[in-house]
Amino acid sequence: PDTLVFASSAKLIARKRPCDLVDAVAALRKRGGDAHALFIGDGEERRAIEQRAVAVGIGDAITIAGFVNQRELPDWYAAADALVLPSDSRETWGLVVNEAMAAGLPVVVSDAAGCSVDLVRDGDNGFTYACGDVTALADRLTTIASLGADGRRDLGRRSREIVKHFGIDV
């Protein structure tokens with residue numbers, strides 16, 4: 001219950017930059033944070049993620065759930081404290097950010113992802129950072145951790161309010 005779970009929901013492919021999350025969680029743990037990376041999805045980068053986690057000393061601090069049916073995603077988001085989308089510029093939007101926000105999660109999104117400008121309000125519902133800057137990503141995770149449960153809930157509530165304006169009906 002005290003471990004912060006940073007979830008990434010995506011196909012595990014290179015352009016999604018999953019190892020950035022592994023490295024950021026490793027950095028957060030070196031700073032004394034109790035953090036875990038949860039990968040919701042599967043793909044060709046699975047082995048690279050596992051190897052990277054072992055190499056940076058956090059093999060016990062990652063979980064790869066594999067493919068999850070969309071109907072089950074709310075349960076997985078409920079197990080997380082925040083969603084991280086480290087994708088590069090080939091991520092034209094990042095619908096998982098909408099989903100996580102609707103589930104009431106704070107979000108940490110690379111500035112290269114298309115949705116970052118429209119959905120993420122730094123300090124209000126989450127944070128952006130420069131794509132590929134793992135130190136900046138770790139800093140954002142550290143900030144999320146420092147907010148405490150109440151602070152994270154506040155960001156999550158704001159996420160819900162913001163994402164209401166991005167539904168199909170709107």
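**Asp-88, the cores and the pockets**

Apart from neighbours within four places in sequence, Asp-88 is in contact with Arg-15, Arg-17, Ala-112, Ala-113 and Cys-131. The model is predicted, and in it Asp-88 sits in the loop between β4 and α4. Is Asp-88 buried or exposed? Its relative accessibility is 13%, and buried means under 20%, so Asp-88 counts as buried. Its side chain also makes a polar contact, at 2.5 Å, with the side chain of Arg-90.

The loop that holds Asp-88 leads from β4 to α4. Helix α4 covers residues 95-102, and Val-96, Val-97, Asn-98, Ala-100 and Met-101 in this helix are buried. What covers these buried residues includes strands β1, β4 and β5 (107-110), together with helices α3 (73-78), α5 (116-119) and α7 (148-163). Just after α4, Gly-104 takes a positive phi of about 85 degrees.

Next come the nonpolar cores. In soluble globular proteins, nonpolar side chains tend to be buried together. Here the largest nonpolar core has 30 residues, and Phe-6, Leu-21, Phe-39, Ile-49, Ile-58 and Leu-141 touch the most other members. At least two residues of this core come from each of the strands β1 (4-9), β2 (35-40), β3 (62-66), β4 (82-85) and β6 (126-129), and likewise from each of the helices α1 (18-30), α2 (46-55) and α6 (134-146). Helix α1 gives the most, with 7 residues. Leu-141 can serve as an example: leaving aside neighbours within four places in sequence, Leu-141 is in contact with Phe-6, Leu-21, Ala-24, Val-25, Leu-28, Val-84 and Val-108. A second, separate core holds 23 residues, among them Ala-7, Leu-38, Tyr-77 and Val-163.

The pockets bring the reader back to α4. The largest pocket has a volume of about 300 Å³. Which residues lie nearest its centre? Of the 18 residues that line this pocket, they are Ser-9, Ala-10, Lys-11, Leu-73 and Val-96. Val-96 is also one of the buried residues of α4, and α4 gives the most to this lining, with 3 residues. By type, the lining divides into 8 nonpolar, 5 polar and 5 charged residues.

The second largest pocket has a volume of about 200 Å³. Its lining includes Ala-103, Gly-104, Leu-105 and Pro-106, as well as Arg-152, Arg-153, Arg-157 and Arg-160. Gly-104 is the residue with the positive phi just after α4. This lining divides into 5 nonpolar, 2 polar and 5 charged residues.

Technical notes
Residues numbered from 1 in each chain as written. Predicted model: local features only at pLDDT ≥ 70, side-chain atom pairs only at ≥ 80, totals over all residues. Heavy atoms only, no water. Core = buried A, V, L, I, M, F, W, Y, C linked by side-chain atoms within 4.5 Å. Buried < 20%, exposed > 50% of the residue type's maximum accessible area, 1.4 Å probe, protein only. Helix = DSSP H or I, 4+ residues; strand = E, 2+ residues; numbered from the N terminus. Contact = heavy atoms within 4.5 Å. 1 Å grid on protein atoms, 1.4 Å probe; cavity = no way out; pocket = protein on both sides within 12 Å on 5 of 7 lines; lining within 4 Å. Points joined across faces, edges and corners; volume = space filled by probe spheres on them. Nonpolar A, V, L, I, M, F, W, Y, C, P; charged D, E, K, R; others polar. Polar contact = N/O pair within 3.5 Å; in protein donor to acceptor, adjacent residues only side chain to side chain.
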